[in-house]
Amino acid sequence: MWTDMSEIVRPTRDGIHGREYISTAIDLGRRSSRVMLNDQGQLAIDPPACVEIPIPIVFQLPTIHADLLKIGMSIRHAARQLGTFVLGQTTHSEKLIQLDDSVSILDEIKHIKADHSDTVIVVRVALRNDVADRVEQLTRSGVEVIHLAANWDGSTEDGSALFDALPIVHLQLVSANIRDEVTLLASGGIAAAEHLPKTIILGADGVVIDLPLLAALECPLLDGCFDGHDCTTPLNSIEVKWGRQRIVNLMAAWRNQLLEVMGAMGMREVRRLRGERGRAMFANELQEKLFEPLFVISEE
């Protein structure tokens, strides 16, 4: 998959160089399908809980080394500085929490909302090719944010990949005319700056990352790290200030890459990039439509 830069115009005037603003902010939460005003011109209904973050990236504590105090502190402090969130926290002080999908998920959400109505709740759903119906059901039930979680390498539980399964979910919600009623976050296999705009093009509003945060802290992500052995980098001896800044620097680099992509496309808002498959080229489609016909041997 390649991003399409064919519409690049006035490259020296895009937001990267400070002359025109490019927004990388997204909303986490449910958006009202309509606005109703009373006789005084005020909102007649309470708007759903929603928060804006300046970058389309949310953190989660990694599955390895998460028990190291300074790792968690570095990630949380970096998230606070960047204005984003860390999924997996159980407190309501940050206005956003995550729950795993279950048969009782709607009752759990109702119970939490009774005491914390302004809290945005993320429902984590394991990504598969056949999960679109469940996502549509959750969306129609009022779920605000759905985290479509693939495995760390981008594979899914049924052997497919985030690359294939994510567009299925996005397009089903578009067909049902409810895509704008939910925020979709995706995780799994997102390891480089270029993966951010590509995942959004495939249909996500934003991404959730964890292992790149460890890489920023110089963890080599060796097999031993995943097998429970001590990391070759003394991660628990790092200074939290240093760790926070390393993560902030990495995210700044990712954002700059996003600005480069959007600037080359002539786009000024990352929300418009969601699901824009026409802004990308796919190897399998190019092979089928362009290259294979060139090498077809005529039976004559």
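E218 is partly exposed in this predicted model, with a relative accessible area of 44%. E218 sits in the loop between α6 (211-216) and α7 (223-226). Its phi is near 75 degrees, a positive value in a residue other than glycine. L221 is found in the loop between α6 and α7 as well, and L221 also has a positive phi, near 55 degrees. At 28% relative accessibility, L221 counts as partly exposed. For context, most residues other than glycine have a negative phi.

## Strand β10 and its neighbours

Strand β10 covers residues 206-209. Its side chains alternate: G206 and V208 point one way, while V207 and I209 point the other way. All four of these residues are buried.

Which strands pair with β10? One is strand β4 (residues 57-60), which pairs with β10 in the parallel sense over 3 bridges. Another is strand β9 (residues 183-187), which runs parallel to β10 and is joined to it by 2 bridges. V207 takes part on both sides: V207 is the bridge partner of I57, and A186 stands opposite V207.

## Nonpolar core and surface patch

The largest nonpolar core has 85 residues. Within this core, L28 and F59 are the residues with the most contacts. Helix α8 (residues 240-265) gives the most to the core, with 9 residues. As a general point, nonpolar side chains tend to be buried together in soluble globular proteins.

There is also nonpolar material at the surface. L290, F291, L294 and F295 make a nonpolar patch of about 470 Å². F291 lies in helix α9 (residues 283-291). Is F291 buried, partly exposed or exposed? At 41% relative accessibility, F291 counts as partly exposed, because that value falls between the 20% and 50% cut-offs.

## Salt bridges

A search of the whole structure finds 16 salt bridges. In general terms, side chains of opposite charge can pair when their charged atoms come close. The table gives three of the salt bridges, with the separation of the closest N and O atoms.

| Residue | Partner | Closest N and O atoms |
|---|---|---|
| R271 | E52 | 3.1 Å |
| R128 | D130 | 2.8 Å |
| E194 | K198 | 2.7 Å |

What does the salt bridge between R271 and E52 tie together? R271 lies in the loop between α8 and β11 (280-281), and E52 lies in strand β3 (residues 50-53), so the pair ties together parts that are 219 residues apart in sequence. R271 is partly exposed, with a relative accessible area of 31%. E52 is exposed, at 54%.

In the R128 and D130 salt bridge, R128 is partly exposed, with a relative accessible area of 27%. D130 is exposed, with a value of 53%.

The third salt bridge in the table involves E194, which is partly exposed at 41% relative accessible area. Its partner K198 is buried, with a relative accessible area of 15%. K198 is classed this way because its value is under 20%.

Salt bridges that share partners also join D27, E52, E269 and R271 into one network. The R271 and E52 salt bridge has its closest N and O atoms 3.1 Å apart.

## Cysteines

How many disulfides does the structure hold? The structure holds 0 disulfides. C225 is in no disulfide, and the nearest cysteine sulfur, that of C231, is 3.8 Å away. A disulfide requires the two sulfur atoms to be within 2.5 Å, so the separation of 3.8 Å between the sulfurs of C225 and C231 does not qualify. At 5% relative accessibility, C225 counts as buried. C50, in contrast, is partly exposed, with a relative accessible area of 35%.

Terms used. Residues are numbered from 1 along each chain as its sequence is written. This is a predicted model: local features need pLDDT of at least 70, side-chain atom pairs count only at pLDDT 80 or more; totals for chains, interfaces and linings use all residues. Side-chain values use heavy atoms; hydrogens and water are left out. Buried means under 20% relative accessible area, exposed over 50%, partly exposed in between (1.4 Å probe, protein chains only). A nonpolar core is a set of buried Ala, Val, Leu, Ile, Met, Phe, Trp, Tyr and Cys residues joined through side-chain atoms within 4.5 Å. Helices (H or I, at least four residues) and strands (E, at least two) are DSSP runs, numbered from the N terminus. Patches are made of residues with over 30% relative accessible area and no salt bridge: like charges are joined within 9 Å, nonpolar side chains (Val, Leu, Ile, Met, Phe, Trp, Tyr) within 5 Å. Accessible areas come from the Shrake-Rupley method with a 1.4 Å probe; for residues, only the protein chains shown count as cover. A salt bridge is a side-chain nitrogen of Lys or Arg within 4 Å of a carboxyl oxygen of Asp or Glu. Two strands pair if DSSP finds at least two bridges between them.
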